[in-house]
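Work through the exercises below with the model open. Try each task before reading its solution.

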Amino acid sequence: MKLSKLELETVQYLRTPAAIRQKCDRLFDLARVDKLRYFRVDLSQLDKAANYVIDTTRQQYPDFNIPFHSRWRHFEAGNLQRVAELDAALAEFSLIEQAKIKFDLAIVSVLLDAGAGADWQYCEPESGQVYRRSEGLAIASFRMFCQGVFSSNPDFPFSADSRGLSQLKLETLAAGFQVSRDNPLVGLTGRLELLQRLGKAICQHRLLFGSANPRPGNLVQYLLDSRVSGVKTVNASEVLNAVLTGFEEIWPGRYAIGGVNLGDVWQHSALIGENLGDEFVPFHKLSQWLTYSLLEPLQELGLEVAGLDELTGLPEYRNGGLCLDVGLLRVKDAAVFEQSYLPGSEVIVEWRSLTVNLLDKIAAAMREKLHLSAIELPLVKILQGGTWAAGRKIAAELRAGGGPPIQIESDGTVF
């Protein structure tokens, strides 16, 4: 189906970081004048929030030499050198092939990185260490990748390709995550279906992913070929756009314009207007998290990343939990804490929207206190240092099990 000019322009707009900020800012402005249904904001707590994040960052990175917030940090859990182990195994390959392999790994691992739930854990056979939540999911997916679980070629395990992904079995994924009746993983079927759809979707975009048994990692070649001769810079939003274009078909059917699946885009009644798409709020959380995770392999190829702060903070339950737990956000009715919600419910859309805006405000306050510029302390480092760790820390201080303040019914594809 061919999109009209208006439909195409609207879809393209909703895929931009600018759209995320503009829509979230509109809901934030309504919250400031107490015109949202579920939340109000309290900016008197901004100083406290910034100090809490700075203290958390200093505990992890005393010299403030902070890496990017990306999947690669989780592969280093337990201070074990898994990435160095992978690099050694890939030494025989060209630098471009190594980058493609790392793209394959990061893309699959990020897509498997929705919330694991409080009852799941992973015991790494290679180290004997037990990991939970994001770190457990990362290490389990890392080990599965190295074992060739996502590759259809037994002679080339370090790959995720169309056939390997689209033919992946639930039993294989369950075994890789050590899932059992006593070790349940939230949204396992949703994760499997996401990877299977990924295997099929990459066949639809040969320019991005290649034509013969396509693989996500071929996005490296596309991004390199898109450079004007001699240009060694890649814009972060360009990587995000390639991710959103290439993977648009993989998300569960939610909202669409002209038959195009919008992905992590939701409606809020306060934004309904006369124009196409007025009511939509885009977040693209997993896609932005994925983009952040693809930048380091590109840097290893000698590319310089520009426009880092065009991307937004990630509206997920650690950052959103921090905003609530530290008092920047306040619920209007405590009953919100007593039930669970689907990602499309208006309470969750409000929570995520306000989180995007508040992460920018926390970042600005931190830079002012530390006398650092946005170039010296970009948002991607503040997230790592940072707000995500602070959200986990304050959750553990306030609640047994350290779960989020608001319960989400996850299908394994959003959070």
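**Exercise 1. Cysteine C323**

Task: Classify C323 as buried or exposed, then decide how many disulfides the structure holds.

Solution. The model is predicted.
- Step 1: take the accessibility. C323 has a relative accessible area of 0%. The cut-off for buried is under 20%, so C323 is buried.
- Step 2: look for a partner. The nearest cysteine sulfur belongs to C24 and is 12 Å away.
- Step 3: apply the bond criterion. A disulfide needs sulfur atoms within 2.5 Å. At 12 Å, the sulfurs of C24 and C323 are too far apart for a bond.
- Step 4: check the other side. C24 is also buried, because its relative accessibility is 0%.
- Result: C323 is in no disulfide, and the structure holds zero of them.

**Exercise 2. Packing of α15 on α16**

Task: Describe how helix α15 packs against helix α16, and name the residues in contact.

Solution. Two packed helices are described by the angle between their axes and the distance between the axes.
- Step 1: get the geometry. Helix α15 spans residues 317-325 and helix α16 spans residues 346-370. They pack at about 75°, with axes 9 Å apart.
- Step 2: classify the angle. The range 65 to 115 degrees counts as roughly perpendicular, so α15 is roughly perpendicular to α16.
- Step 3: list the contact. Helix α15 supplies Y317, N319, G320, G321, L322, C323 and L324. Helix α16 supplies W351, T355, L358, L359 and I362.
- Step 4: sort by class. The contact has eight nonpolar residues, four polar ones and no charged ones.

**Exercise 3. Nonpolar cores**

Task: Which residues touch the most other members of the largest nonpolar core, and which element gives the largest share?

Solution. In soluble globular proteins, nonpolar side chains tend to be buried together.
- Step 1: size the core. The largest one has 127 residues.
- Step 2: find the hubs. F150 and F177 touch the most other members.
- Step 3: assign the share. Helix α16 contributes the largest share, 13 residues.
- Step 4: check for another core. A second, separate core has eight residues, among them V11, V260, L262 and F280.

**Exercise 4. Surroundings of Q288**

Task: Place Q288 in its helix and list its contacts beyond four places in sequence.

Solution.
- Step 1: locate the residue. Q288 lies in helix α14, residues 285-300.
- Step 2: test exposure. Q288 is buried, at 0% relative accessible area.
- Step 3: list the contacts. Q288 touches I20, L240, F283, L311, T312, G313 and L314, leaving aside neighbours within four places in sequence.
- Step 4: compare sequence and space. Q288 and S70 are 218 residues apart along the chain, yet their C-alpha atoms are separated by 9.8 Å.

Notes. Residues are numbered from 1 along each chain as its sequence is written. This is a predicted model: local features need pLDDT of at least 70, side-chain atom pairs count only at pLDDT 80 or more; totals for chains, interfaces and linings use all residues. Side-chain values use heavy atoms; hydrogens and water are left out. Axes are lines fitted to C-alpha atoms, for helices over the stretch in contact, and angles run from 0 to 180 degrees between N-to-C directions. Helices (H or I, at least four residues) and strands (E, at least two) are DSSP runs, numbered from the N terminus. Angles under 35 degrees count as roughly parallel, over 145 as roughly antiparallel, 65 to 115 as roughly perpendicular and the rest as oblique. Contact means heavy atoms within 4.5 Å. Ala, Val, Leu, Ile, Met, Phe, Trp, Tyr, Cys and Pro count as nonpolar, Asp, Glu, Lys and Arg as charged, and the others, Gly among them, as polar. Buried means under 20% relative accessible area, exposed over 50%, partly exposed in between (1.4 Å probe, protein chains only). A nonpolar core is a set of buried Ala, Val, Leu, Ile, Met, Phe, Trp, Tyr and Cys residues joined through side-chain atoms within 4.5 Å.
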